[in-house]
Every structure is written in structure tokens, then in C-alpha cells.
There are 2 protein chains.
Amino acid sequence: MSKVKKRTLINDIANHLEVSIATVSLVLNGKAKQSRISDAVAERVLKYVQEVGYKPNHLAKSLRTGKTHVIGLVVEDISNPFFATVAWLIEKQAFERGYRIIYCSTDNDPAKSKELISMFRERHVDGFIIVPSEGIEEEVSAILREQTPTVLFDRFLPDLVTNYIVVDGAQGTYEATLHLLEQGFMNIAFVTTDSTQTQMEARLNGYVRALEERQLPPLIKRVAASKDSEQLIADIHGFIKDNSTCDAVIFSTNYLSIYGLEAISRLQLQIPQDLAVISYDDHDLFRLYTPAITVIAQPVESIAKNVIDILLEQLQQPSDQAIANNHSVVLPTTLVVRKSSVRQPAPAPAARKKAAKKK
Amino acid sequence: MSKVKKRTLINDIANHLEVSIATVSLVLNGKAKQSRISDAVAERVLKYVQEVGYKPNHLAKSLRTGKTHVIGLVVEDISNPFFATVAWLIEKQAFERGYRIIYCSTDNDPAKSKELISMFRERHVDGFIIVPSEGIEEEVSAILREQTPTVLFDRFLPDLVTNYIVVDGAQGTYEATLHLLEQGFMNIAFVTTDSTQTQMEARLNGYVRALEERQLPPLIKRVAASKDSEQLIADIHGFIKDNSTCDAVIFSTNYLSIYGLEAISRLQLQIPQDLAVISYDDHDLFRLYTPAITVIAQPVESIAKNVIDILLEQLQQPSDQAIANNHSVVLPTTLVVRKSSVRQPAPAPAARKKAAKKK
DNA sequence: CTGAAAGCGCTAACAT
DNA sequence: ATGTTAGCGCTTTCAG
């Protein structure tokens, strides 16, 4: 009795096969050819390894090689479908190329971000993929200084020279605003958060630019980036109620839109008759909603592919050869026009409903 | 130049302080007292360690001690708010007690579950928390045989003696059904998936039992556990349309309810006037929806607490002392009554709206 | 009270 | 062509 759980070791393999442990290691690491190990031996090793289901001990291997084949993924909120999707795509591709992903959410909290980066460092991740919150320049500099390959996405840190993949949010909101204007909506509001991060500012700027070109005044609501959904709904509710001339609204991110839809519903406003709606970032719900919501869609597949390609490229690079060239990629958005932003064909044929609109 | 990234090692500490490396190690592991190391030395060590920000190499430590302080969490779908919440709570508590969580989603796919379990095993996790999909009895047996502490939750594997935390879903749906009957809804349908897992069967059984007691016939729709949301919506849409006498419906899980709400909305049915709705499992959306949706809420905090407490208890146990006693915990649900399941007070005072009801 | 030394399981340079 | 061996960084007896 006692512990019966003895794992098979490389030693056991070597002993059983009466070859040296180095031979086994070499074969297992695909270096049989270059070490001129006979095919016969190589085959015997492989066969026996297969037979007993031997798996090398990752810990020992990593300790020896200094490589863990693990990538740390630090996102804002893994339960947000945008991040969940990108993370899933990244994980899938990384897996195929022999890398594992461990992820964590920062909730956009700098302290938590720092803690997570430091935790991943302690765990010796080979590389980082980070959706940076504000104020973590120092930590990111530190990992860069250590030559750990790192890619940022969704936003970047303007003060730092790094790889990053972002989306041209300004262009996205610009197009969306033009689309609304073309549909005849003249009082377009923009609801965003109080964050000053690059991606949020860009989205706001695109909207402002479109209006400025037409010499129309912007109408901007910044809500606090709170976790309290009722509070957010109330905020948006108040804003819409106070601006009864407003006939269209663009939300700068998916969860704001969801709360916005709830606020609009509580105000008993009809979309798009009373208020047109466009959301930045797509979501299952926006497709399913009645009416379907027009969105500025981000190219999630492309984001994921770029992120992982760039990271793996640098991971494969011999570590002594400094990583001089940083990639910065800006991807385009796509305006997906659905019912929520399209003018209705005049008084609806089946005239019905409609109650308390603005007073 | 060249690699300047040298990390501080325990060696460096010992050298600098002119003490032995063992002393440093002992102090760092809180064994100063029991090894009768002078407080003076202990303090010097701690101070210097702090100063240079020394962090022991986890890999080396784990290789030596055989403990990684990592727990593998295998859930069905981390982007489902139920699992996301429980995972988050578990992570938080584990963190405080020095354990890290790595998680992965199985999508309820046995092959993927097996792969993940095996991956976690290779990574030498100290313990497992698993939401088991069907058909993974063998893999779970294997980790149990290796004496790796394991806790299942949400459902269990009837053929296996393990720790598990589940919820009394049968009681939950039973109460929900009675509530609907009391409200005067007489034709209550139950929409569930085609899964035969313990938790889904229990939820169905509670509903059936309640109706049987009143000698009412059950009306059950099983939809395929597909990923295609349009397909699911269409399925539910068809079911409701074909059963026009049905005046209430219980959905067996949160995402079914979401698709169900979409189907109901497309059918232009009013909740609860035309159709009352109850969802198993709460969700932000159900609170926010108009009307708010009645739910059978699961005690997420309690689930998380039980899971982690039991796991940590076994993790702390000296490994040679076999883990004889398995815990099985069954927690109660709570019926949270909201507008969607409450009879309206006769013709609504503010009479308005309402269009095409069933034809 | 402290230090020397033996590994944990594996890789890879160096012998043979 | 294959075997020997020195570590990777840490913990932990066991002798001083």
C-alpha cells in the first residue's frame, strides 16, 4: 500500500529500454536525427513511450529550459462577450502551436492589473497579451525590459513603444454618425464612459468630427464606469429624458448599449421611431433584439489572429536577438446596419401602440 | 550589455547576507522559529528580501515540493454568468488562501473535458474543481485514484463516490410550478435541453411532480443543446406557437430563457398576460427586463464557499492520510418572484397597446 | 542556531 | 551513434 501513484519517469523508460536517458530525451524532443540516433532505437523509444503513456514533467522541463510555453492573457473582463470571443480565438490558435493560455480579468482596475502581471511573471509565462488599464505603464515597461514578448490589444499605452493591435474606432463612430445623418436623424447623442483610454477617446472623436463637419453641436453623456447596473440605467434614463429633442444615440461600448436599451424601454420609447440606436461592438443580443440593433462591429477574428501571430513570432525568436521591431496594427470596423438606425417609411401602415412620449 | 535581466536568487540573498541559503529558505517559509533561527537574522533576511523584491522561483519550488498551489477549474462555459460568478467567487477565496485558479470551458463536450483534465494533470494542479460533462467517469476516477483532491459542482456523476456540491433543482422547479398554479396559470410548459445530466433531470422532475400532484398533464419541450442561437429561438418559437393553450412556461436554464424571451417577443405575446415566464437561474437581464422575470435563483455564494472550503480542507490534509470522507452537499434554491409570473389585476387600468395575439 | 549537500525530473553540452 | 554529467532554483534533512 502507501502511495501507489508513481508516475513513469524518463529514467524508467531508459532503464526498461536499456538505453541512456539522454537518448530518450533527444528522441522525445525531435532531435533524434540531428544527434544521429538510429531510427530503430528512436522507434523503440517512441513506441514504448506511447505504450506506457509517458508524459514528461512540465515543471522539470521548464525549470531546465526556462520556457513554460504558457502565455498570460490579461483582459478587462473575460465575461464580456468581446473579450471572451477574442480570448477563445487566441486560446485556440495558441493551443495548436503548443502554447497554453492562462487568463485573468482586471476589471480595468490598475491595482488588480499590476497584481496579475506580477503573478504571471512569478509563474514564468513566456509572453504577455494585455488589454491595458490606465496607469500600468511601469509594469509593462518592466516586462518589456526583461525582453518578455508582449502584445497589447484593444487599446495601447501612448507613452510606450510596444506591439499593439487596435481598431480604428474613430472611423467606426464617424461612419455610424454619417449613417444616422443620412437617415435624417439630426440630434445625435453619444453615450460613453468617463474613461480616457485611447480606444474610448477615439470613438468619441469620430463622432465629434462627423458632427463638426456638418457644423452640428455634439451632445455627449459620460457615465461613470461603475459596476452598478441600476445606477448606469438610471443615468442613461435621466440623460435621454432630459434631452427630448435627441432622436438618435450611439453607445460607445456593448454593455452601455445593453443598459441603454433597458433605459429606452423603461421610457417607453420606440426604436427607431422615437430614438435611433447604434452600438459600438456587436453582441448576440443586438442581433436578437426587436428591433435588431445596428452596430459598429469589431473584427474579432482578425484581432485574435494578429495578436497571436505577432506574439508567436517574437516567442520563436532566439531570445538573445533583441526584439527591435514593434508591430502596431490598426484594423477597420464594419458598420452593420440593422433596423434600429433606419428611418421608418413614414406613418407605419399598421398604426398602433405608442404612448407617453416626452412630455 | 547582453542579458541584463538576471533575477535575484536565493543564493544572492544568502551571499549578500553572509548566511547560508538554508537559513534564508527557512526564514522565508516561516520555519525560522521551529529551526531556532535568531530573530535578528530572520529579520535581516526578511528586510533584505523585501528590499530587493526577491520572489522565489515557483517552478523550482514546485518541482522540489511536488505542490504547485494551483487548482484546475473545469466548467461548462466560463462566459455563462452563472459559471462566471461562481468561478470568480472561488478564485477570490482561493487567492486569499494562497491558491491560484486556472480555468477552462468544456462546452459540455466530453472529449474536450478529458483533454482539459489531462492538461491540468500534466500541469500538476494540486486539486480539481469540475463541472462534469457526461461520459468522463473514467478520467475522474483516474484523478481520484491518484489521490488528487477533487470537488464536483452543479451536477455529479452518480456512479462515482466523490465530493460534490449541487443545488436542489427539483425543489426549485416544484415550488415554481406551484407558484404558477396558485397564480391561476393552468397550462404550464417546461422547456429544457436534451441533456440527461443529473441537474437537468432534477429540474424536470420537480415540475412533473408538481403537476402530477394536481393531476395535470405535463407539457415538455426538449430542445437540442445546440450552439446555434437562431435555431434555438426558432425551436422555442415553434413550440409556443403550436401550443396556444399554454399560459405559462418554465425554462430550465438561463440561456434557454434568453432565447425564449426572444421567441416570445417575436410572437408579440405579452408577459405575463398572454404567457407567464419563469427562468431557472438568475441573470442581470432578468432583473432588467420589462417585465422583470421571476427566477429560481441558485445560491452562488454558498456554492462557491462550499466548493472551496471542501477542496482546501482536503488539500491541507497530509497527503498520505487517505481521503476517506467525501462530502455531498445539496443547497436550496430561492424563488424570486417578479412581474413575469404574477397574474395581472384584470384589464389593465391604463388600457393601451396590445396587437396580434394568437390567431 | 547554521551550513553542506542531496535531490525533485529533465535537457544538452561534452565525452566516448 | 549513444552515454555521462552538470546543472535549472529550491527545500530539507542531518551534522556540526
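These legends walk through close-up views of a predicted model with two protein chains and two DNA strands, C and D. Local features need pLDDT of at least 70 and side-chain atom pairs count only at pLDDT 80 or more, while totals for chains, interfaces and linings use all residues. Residues are numbered from 1 along each chain as its sequence is written, chains are lettered from A and ligands numbered from 1 in the order in which they are written, and side-chain values use heavy atoms, with hydrogens and water left out.

**View 1. The protein surface near DNA strand D.** Here 27 residues surround the strand, where a residue is near if one of its heavy atoms lies within 4 Å. The closest are Ser20(A), Ser35(A), Arg64(A), Tyr54(B) and Arg64(B). Of the strand D atoms that come within 4 Å of the protein, 66% belong to sugar and phosphate. Both chains take part: α2 (21-28) and α4 (58-65) of chain A, and α2 (21-28) and α4 (58-65) of chain B, each supply at least two residues. Helices are DSSP runs of H or I with at least four residues, strands are runs of E with at least two, and both are numbered from the N terminus. By class, this surface has 13 nonpolar, eight polar and six charged residues. Ala, Val, Leu, Ile, Met, Phe, Trp, Tyr, Cys and Pro count as nonpolar, Asp, Glu, Lys and Arg as charged, and the others, Gly among them, as polar.

**View 2. Polar contacts to the phosphates of DNA strand D.** A polar contact is a pair of N or O atoms within 3.5 Å; within protein, one must be able to donate a hydrogen and the other to accept it, and residues adjacent in sequence count only if both atoms are side-chain atoms. Ser20(A) places a backbone N or O atom 2.4 Å from a phosphate oxygen. From chain B, a polar backbone atom of Ile10(B) is 2.8 Å from a phosphate oxygen. Lys61(B) uses its side chain instead, with an N or O atom 3.4 Å from a phosphate oxygen.

**View 3. The protein surface near DNA strand C, with a contact to a base.** Strand C is surrounded by 25 residues, the closest being Ile10(A), Tyr54(A), Arg64(A), Ser20(B) and Arg64(B). Sugar and phosphate make up 68% of the strand C atoms that come within 4 Å of the protein. α4(A) gives the most to this surface, with four residues. The surface divides into 12 nonpolar, eight polar and five charged residues. Look for Ala60(A), whose backbone N or O atom lies 3.3 Å from a base nitrogen. Phosphate oxygens of strand C also lie 3.4 Å from a side-chain N or O atom of Asn29(A) and 3.5 Å from a polar side-chain atom of Lys61(A).

**View 4. The interface of chain A and chain B.** Chain A brings 52 residues to the contact and chain B brings 49, with contact meaning heavy atoms within 4.5 Å. The two chains bury about 4300 Å² between them, 57% of it on carbon and sulfur atoms; buried area is the accessible area (1.4 Å probe) that two parts lose on being put together, summed over both. Leu59(A), Arg123(A) and Leu288(A) supply 16% of the area that chain A buries here, more than any other three residues. The rule finds zero salt bridges across this interface (a salt bridge is a side-chain nitrogen of Lys or Arg within 4 Å of a carboxyl oxygen of Asp or Glu). It does find six residue pairs in polar contact, both at pLDDT 80 or more. The chain A side has 18 nonpolar, 13 polar and 21 charged residues.

**View 5. A salt bridge along helix α11 of chain A.** Glu262(A) and Arg266(A) meet at 2.9 Å, N to O. They sit four residues apart in the helix, about one turn. Glu262(A) is buried at 9% relative accessibility, whereas Arg266(A) is partly exposed at 35%. Buried means under 20% relative accessible area, exposed over 50%, and partly exposed in between (1.4 Å probe, protein chains only).

**View 6. Two salt bridges in chain B.** Asp309(B) and Arg97(B) have their closest N and O atoms 2.6 Å apart. Asp309(B) lies in helix α13 (residues 300-316) and Arg97(B) in the loop between α5 (81-96) and β2 (100-105), so the pair ties together parts that are 212 residues apart in sequence. For Asp154(B) and Arg203(B) the corresponding distance is 3.9 Å, and both residues are buried.
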